[in-house]
Structures are given as C-alpha cells and as structure tokens.
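You asked for a quick orientation before opening this one up yourself. Here are my notes, in the order I would go through them.

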Amino acid sequence: MRLYLTVAWASVRRHATYRAAAFGGAFANIVFGFIRAYVLIALWQTKPEIGGYDVAAAVTFCFLTQGLIGPIAVFNGGLPEVAQRVRSGDIALDLYRPADFQGWLLVTDLGRAGPDFVYRSIPPLLAGALVFDLRLPDSPAVWLVLPVTAVLAVVVSFALRYLVMLAATLLHDERGVSSAATILALFFSGIMIPLTLFPVWLRPIAELSPWAATIQVPADIFLGRYHGIALLAALASQAIWALALLGIGRMLTARVRRRVVVQGG
Amino acid sequence: MRAYWLLARTWTRAAAQYPASLAMLTVSQLVITGIDAVAILIIFQHTSSYAGFSLPEVMFLYGTSGVSFAIANALIGTVDQLGQHIRAGTFDAILLRPVPALVQVAADQFSPRRLGKLVQAALVLCIALATLDVQWTVDRIALVPVMIVSGVVIFAAVWVLGASYQFLAGEAAEAMNAATYGGNYVTQYPLSILGRDAIRALTWVIPLAFVNWMPALYILDQPDPLGLPGSVRFASPLVALLLCLVAALSWRAGVRHYRSTGS
C-alpha cells in the first residue's frame, strides 16, 4: 500500500510541474466553454426547460465539463505513454516490477489527475462565473460526495483507457484503436452535448454507458439532480463500471502478457 | 511551392505504406468531426428555428466553415508543432535547409487522413445547398467559392499567427487551439448566438466572422446583428489578404527573434 502511495505522490509532483502547459490547456477549455454555453443558451431561448435542465444548469454544465476534460482524460483514447513503452521495449521493465502492473498504472493516473483538477477544472468554472450565474451545489451532501464521484470518474476513465491500451497492443495499431475509443467517448460522455438532450430512444443507452460515468454522471451530481437514494445509486453505477472494467482489464492482462515479445540482445 | 508538394508527396507515400491504418485514420477523422454535425441535428430535434436560422441554413454555415478549415488544416495545420521543433532543437536543422522554414514546418507530417474532415464537411455543404430555400442569383452562386477560398486563407493565417506566437511562448500550442479549432467550432453556428462584444471581437480582432458569417448573411438574406454596412458582407477576400500580410510579417519577426535552445 505504501508503495502505491509513493508512486501516486511522485506522479502528482511530476504533473504539478507543467503549470504553463496546463494553464494553456485551461485557456482553450475556457474559450470552448463560452462557445458551448452560447450554443445552448440560444437553444434554451426557445423553451425554458429541456430534459430537466434550466438555462443556468445548461450553462454550468458547459463550464464544468470543459474543466473535466483535462483531469478525466477519457478523450485521450488509450494510454499513450504505455504504448510508447511497448514500442521502445521499456514495457519489459514495467512487467518486471514487484508491483501489480495495472495497479501501478492506476495510481500513476490518479496522481496525474490531482494537479489537473486544480489547474484545469477550477479556471473554467471561475471564468464562467464571472459572466454567468452558475449553479453551484447547495446541499452539503453533494459537496461531500464530489471528491468521491471525481475519483470514481477518473478510475472508470482509466479502466477504459487501459482496455484500449491492451487492444492496441494486441492489434499492433495504436492510433486507429484509440481514435475509435475517442469517438465513443466524445459521443456518449455528454461532452458533445448533454445526454439529457439526446432523443428518447438513445438517452437511456447513453446514460447507462461507462462514458456517461466519466462526465455526465459527475456533472449531474454537481448540478444537484440526485438526492438521497438516487445520489447513492449514481455513485454505485460509477463504482460498478469501475470494478467491472478493471476486472476485465485484469483478466485480459494475463493473456496479453504472454503475447508480449521483448526484443533484446 | 514546389518544395511543399515534394515534401507533401513524400509524406503521403510514407503514410500509404500502411494502407489499412491510413484508411482507418481517415474514416475516424471523418466520424470525429461528424460528431459536431450530430450535435446540430440533436439541437434541431428540440426546435425548428435556432437563433432565427433553419436547419439547412446552419448546415450551410457548418459546411462552409468545415470545408475551409479542413483544407487549411491539411495544408498548414502542422505549424502548431513549431514549439516541439524549437524544444527538440530540430528547428535549427530546418533553418539550415535551402527551403523556406514555413514551407518545411507546414509540410511536415503531411497526411491525407486530414482530408477525412473535408469529405465530411463537403457532404454536409452539398446537403445544405440542395435543401436551402434561397433565391440563387448569379452573385450569390459566385460568392460561395469566394467565401470558401477566403476562409481557407483566414484559417491558414490564424495558424501561422499562432505558430509565430510560439517563438515567444513555446507552451502556447494548446492555447492556440482556442483560435483554430475554437474558430472552426464557433463559425459552425450563427454568430448571433454570441453577445455583441464577442461578435465585434470576431469581426475586428480575430476576423473569423469573415470566414463564412459575413458572406452567409448576404447569401441567406439575414440581418446583421451589428448593423454594419452591406458592403462589409463582401469584404472577406480583402480581410483574408490583410490577415495574410500580418501573419507573414509576424512569422518573419518570429524567425528573427528565434534563438536556439540549449544552455
């Protein structure tokens, strides 16, 4: 356990250094946040409420989810750093370590997300709040579970990207597989447009997908759309996806491990 | 110019060595950019008139912006990698070769997969043109290719401006996405959804309004939220030329300012 904490902390420190790049990214997130907000405001001018959102919720959704792009990282496709290590052969070193391969990568990714929540989630919300009336959580229960849903979202996102990485390793095609994964994530996470606007037949499918658990579900929790049992159920849905996807990843790791050929001489 | 095509051909042949991967990447590029179009369709599921524009009208904006952006991106999009070249020290090698640095950076990693977006945007534009309810006079028809070419030039100039800025701040690559990809995104929609100050900024500061919004106002016979004189709607080629000039000057200033990395 101490080993994993040390690894996570090292990852936090490593990613906390790239402040200029992170703020550059946050700036782009903010600009897109404003455009997305105005796109939705124009739609909400035709009706006061769509899919359970009023205009304040819709605008908040835009800035909040723009801020989640960096830390959740689900749109990155796979795990580019690991793919690079597969290519270079350094992966042999990772498989050799006296630590669990998947666990090592998971804590590294959680450590990466930490500084990103600070550098990239807060600026878009602040910028949005300067111009619009944003809907902040008003119940203490929601504030309490925010860290939980955020961590679960990162874990689900990691588990998805881990599977993509395995598939890319098996198929020897990193870019194709990871862009297919990005397409699914863009569509089903709610970042393109809130899932609440989806047509009736597609909405339940999208909302139950693992991608929704990375962006739409945490955003809905932040917006206070879940209370009591429903709040717990939303967290449970994230936890179930996290466990299921991590489990599948574990099973497949053993298989892929046998297929990895390490070059050397 | 010849050097550009030579480099582009070489990169294309390199990419063609992996035909399956190239096909998959082109298709995925097509689908990724198509997601934006789906977003517009979903919006029109909830309303028939969006900020005073019909679905074919918004599709027209989407198509013209997308086609211009895709061509500019394929031709010159890789200039946003300039920061990487500077950091890795490869820009020194670029300056040594007897080909303009801008041509080399623009043709670097040229990939036909970027044309996946062009196919998708052109498709949307064709559907829009076929379904638009517009009195197609000669000047309106002539304005469509003019706006697309001006759009390509404006987007390309914005890319070069962004790259020039990286001579000062190497980490700016992601922030520049706001102007290029953000510019493409915002011009897919009627600019009237923005506040007036934002439209002013997009007209006079970063003149993305001239990519498609201004000429489209004339073609679609829509009112201008800023109430500018009618002749402004035909100013796109002029704006494109001016912006090109500014971009060229700032690129040259950037190259002069450049000092190699290293301690």
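1. A definition to start with: the radius of gyration here is taken over C-alpha atoms, and the globule rule is 2.2 Å times the number of residues to the power 0.38. Keep in mind throughout that this is a predicted model. For the 263 residues of chain B, a compact globule would have a radius of gyration near 18 Å, and chain B has 19 Å, which agrees. Along its principal axes, the C-alpha trace of chain B spans about 60 × 45 × 35 Å.

2. Chain A gets a similar reading. Its C-alpha atoms fill a box of roughly 65 × 40 × 35 Å along the principal axes. As for secondary structure, chain A has eleven helices and zero strands. Its radius of gyration is 19 Å, close to the 18 Å that the globule rule gives for 265 residues, so chain A is as compact as a globular protein of that length.

3. What is chain B built from? Helices again: twelve of them, with zero strands. Of the 263 residues of chain B, 44% count as buried, and in chain A buried residues make up 48% of the 265. Take the contacts in chain B with a separation of 6 or more: residues 24 or more positions apart account for 82% of them. Chain A also comes to 82% on that count.

4. Now for the inside. The largest nonpolar core has 153 residues, and A:Val156 and B:Ile154 touch the most other members. Helix α7 of chain A (residues 140-171) gives the largest share of this core, 16 residues. As a general point, nonpolar side chains tend to be buried together in soluble globular proteins.

5. B:Ile154 is worth clicking on. Which residues is B:Ile154 in contact with, leaving aside its neighbours within four places in sequence? There are B:Pro207, B:Leu208, B:Phe210 and B:Val211, and then B:Val239, B:Ala240 and B:Leu243.

6. Three of those names lead to helix α12 of chain B, where B:Val239, B:Ala240 and B:Leu243 are among the buried residues. The others on that list are B:Ser236, B:Ala247, B:Trp251 and B:Gly254. The buried residues cover an arc of only 105 degrees around the axis, which puts them on the same side of α12(B). On the other side, B:Leu238, B:Leu245, B:Leu249 and B:Arg256 are exposed. What covers the buried residues includes α6 (101-107), α8 (138-168) and α11 (213-220) of chain B.

7. The length of α12(B) also checks out. At 1.5 Å a residue, its 22 residues (236-257) should span 32 Å, and the end C-alpha atoms are 31 Å apart, which agrees.

8. In chain A, look at helix α3 (residues 55-72). 17 of its 18 residues are buried, so α3(A) is largely enclosed by the rest of the structure. At 1.5 Å a residue it should span 26 Å, and its end C-alpha atoms are 25 Å apart, which agrees. Just after α3(A), A:Ala73 takes a positive phi of about 60 degrees.

9. Finally, where the chains meet: 27 residues of chain B are in contact with 30 residues of chain A. On chain B's side, α2 (19-46) and α9 (173-186) are the elements that give two or more residues. The largest share, twelve residues, comes from α2(B). That side of chain B divides into 18 nonpolar, seven polar and two charged residues.

Methods:
Residues numbered from 1 in each chain as written. Chains lettered and ligands numbered in written order. Predicted model: local features only at pLDDT ≥ 70, side-chain atom pairs only at ≥ 80, totals over all residues. Core = buried A, V, L, I, M, F, W, Y, C linked by C-beta atoms within 7 Å. Buried ≥ 20, exposed ≤ 12 C-beta atoms within 10 Å, placed from the backbone. Helix = DSSP H or I, 4+ residues; strand = E, 2+ residues; numbered from the N terminus. Contact = placed C-beta atoms within 7 Å. Nonpolar A, V, L, I, M, F, W, Y, C, P; charged D, E, K, R; others polar. Expected span 1.5 Å × (residues − 1). Arc of directions from axis to C-beta.
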